[in-house]
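Q: I am new to this structure and would like a close look at a single part of it, namely the interior and what packs around it. Please take me through it slowly, in one connected answer.

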Amino acid sequence: MQDEVGGVLSRLTLLANAPGLRIEKARAMAEGIKAARAYRWVGLYDVTPEEVVAIAWTGSDPPAYPRFSVTKGLSGVAVANRKPVVVQDVTTDSRYLTAFGSTRAEAIFPVAVDGRIVGTIDVESDRVNAFGPEDEEFLKTCAVILTPLWL
C-alpha cells in the first residue's frame, strides 16, 4: 500500500507542475487522491476572502454547496484555524455543511501559498471513523504537493 501511495504522490507532483487547463488538472488530482486511499468523494476548493468555491470533484454529481461563505461548515473552521479538521462522525457536529446525505466522516485540509489559505482538499466517507493517522499524513502531504494549482 505504501508503494502505491508513493506512486500516487509522485504522479500528483508531476500533474501539479505540468502545463494544462487548471480544472482538468484539478479533476485528475482529485481522482488520484480518491483512488490512493479508496475515499468515497474528494473535492478541491478555492478559498477567497469571502467564499469557498468548488473547482473540481470526483464523480459526476457536484456537492450540494458548490460555493458557500468562508465562515460556514467544516471548511470555514479549517480556513479560520489554518489547520486540518477531521470529523469522524458528521452527524454529531453542528458545523457540518451537508454535501451528500450519505456522508458520515469528513476531512478538510487547507492549502497555503505564501502564508495565505488559498484552497482546501475535502475528503468524505460514508463510514464513521473513516480517517486514521495514515490518511491525515497522506492528505497533509497532498496539501503541499497541490500548491502549484493555486499559483
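Before turning to that part, what pLDDT does the protein average, and what share of the residues score at least 70?

A: The model is a predicted one, and the protein averages a pLDDT of 94, with 98% of the residues scoring at least 70. Confidence is lowest in helix H1, where the mean is 84, and highest in strand E4, which covers residues 85–87 and reaches 98.

With that in mind, the interior can be entered through the largest nonpolar core, which has 33 residues, and in which Leu-12, Ile-33, Leu-44, Ile-121, Phe-138, Leu-139 and Leu-146 are those with the most contacts. Several elements contribute at least two residues each to this core: the helices H1 (2–17), H2 (22–37) and H4 (133–145), together with the strands E1 (41–47), E2 (51–57), E5 (105–113) and E6 (116–125). Apart from this core lies another one, of 19 residues, and among its members are Phe-68, Val-79, Val-87 and Ile-108.

Two residues of the largest core show how its parts are brought together. Leu-146, once its neighbours within four places in sequence are left aside, is in contact with Leu-12, Ala-16, Met-29, Ile-33, Leu-44 and Ile-121. The last of these, Ile-121, lies in strand E6 and is buried, because its relative accessible area is 0%, where under 20% counts as buried. With neighbours within four places again left aside, Ile-121 is in contact with Ile-33, with Val-42, Gly-43 and Leu-44, with Ala-107, Ile-108, Phe-109 and Val-111, and with Leu-139, Cys-142, Ala-143 and Leu-146. As for distances over the chain, Ile-121 and Gly-73 are 48 residues apart along the sequence, and their C-alpha atoms are separated by 14 Å.

The next residue to consider is Thr-120, which is also found in strand E6 and is buried, with a relative accessible area of 0%. Not counting residues up to four places away in sequence, Thr-120 touches Gly-43, Leu-44, Tyr-45 and Val-47, then Ser-75 and Val-79, then Ile-108, Phe-109, Pro-110 and Val-111, and also Trp-150. Two of these contacts, Ser-75 and Val-79, are among the buried residues of helix H3, and that helix deserves a description of its own.

Helix H3 runs over residues 73–81 and is mostly covered, since seven of its nine residues are buried. The buried ones are Gly-73, Leu-74, Ser-75, Gly-76, Val-77, Ala-78 and Val-79. What covers them includes the strands E1, E2, E3 (67–69), E4, E5 and E6. H3 is followed by Arg-82, a residue placed in the loop between H3 and E4, which has a positive phi of about 60° although it is not a glycine. Arg-82 counts as partly exposed, because its relative accessible area is 47%. Most residues other than glycine have a negative phi. Ala-38, in the loop between H2 and E1, likewise is not a glycine and has a positive phi, of about 55°, and with a relative accessibility of 67% Ala-38 counts as exposed.

On the helical side, H2 and H4 pack at an angle of about 160°, with their axes 11 Å apart. That angle makes H2 roughly antiparallel to H4, because angles over 145 degrees are counted in that way, and the crossing of the two helices is right-handed. Where they meet, Ile-33, Ala-36 and Arg-37 belong to H2, while Glu-134, Asp-135, Phe-138, Leu-139 and Cys-142 belong to H4. Ile-33, Phe-138 and Leu-139 were already named among the residues with the most contacts inside the largest core.

Two further residues complete the picture. Trp-57, in strand E2, touches Arg-27 and Ala-30, Trp-41, Val-42 and Gly-43, and Pro-62 and Pro-63, not counting residues up to four places away in sequence. Trp-57 and Ala-26 are 31 residues apart in sequence, and their C-alpha atoms are 8.0 Å apart in space. Pro-148, in the segment after H4, counts as partly exposed because its relative accessibility is 21%, and, with residues up to four places away in sequence not counted, Pro-148 touches Ala-16 and Asn-17. From C-alpha to C-alpha, Pro-148 and Asp-135 are 22 Å apart in space, although 13 residues apart in sequence.

Note on methods:
Residues are numbered from 1 along each chain as its sequence is written. This is a predicted model: local features need pLDDT of at least 70, side-chain atom pairs count only at pLDDT 80 or more; totals for chains, interfaces and linings use all residues. Side-chain values use heavy atoms; hydrogens and water are left out. A nonpolar core is a set of buried Ala, Val, Leu, Ile, Met, Phe, Trp, Tyr and Cys residues joined through side-chain atoms within 4.5 Å. Buried means under 20% relative accessible area, exposed over 50%, partly exposed in between (1.4 Å probe, protein chains only). Helices (H or I, at least four residues) and strands (E, at least two) are DSSP runs, numbered from the N terminus. Contact means heavy atoms within 4.5 Å. pLDDT is the predictor's confidence in each residue, from 0 to 100. Axes are lines fitted to C-alpha atoms, for helices over the stretch in contact, and angles run from 0 to 180 degrees between N-to-C directions. Angles under 35 degrees count as roughly parallel, over 145 as roughly antiparallel, 65 to 115 as roughly perpendicular and the rest as oblique. A crossing is left-handed if the near helix is turned anticlockwise from the far one by less than a right angle, and right-handed if clockwise.
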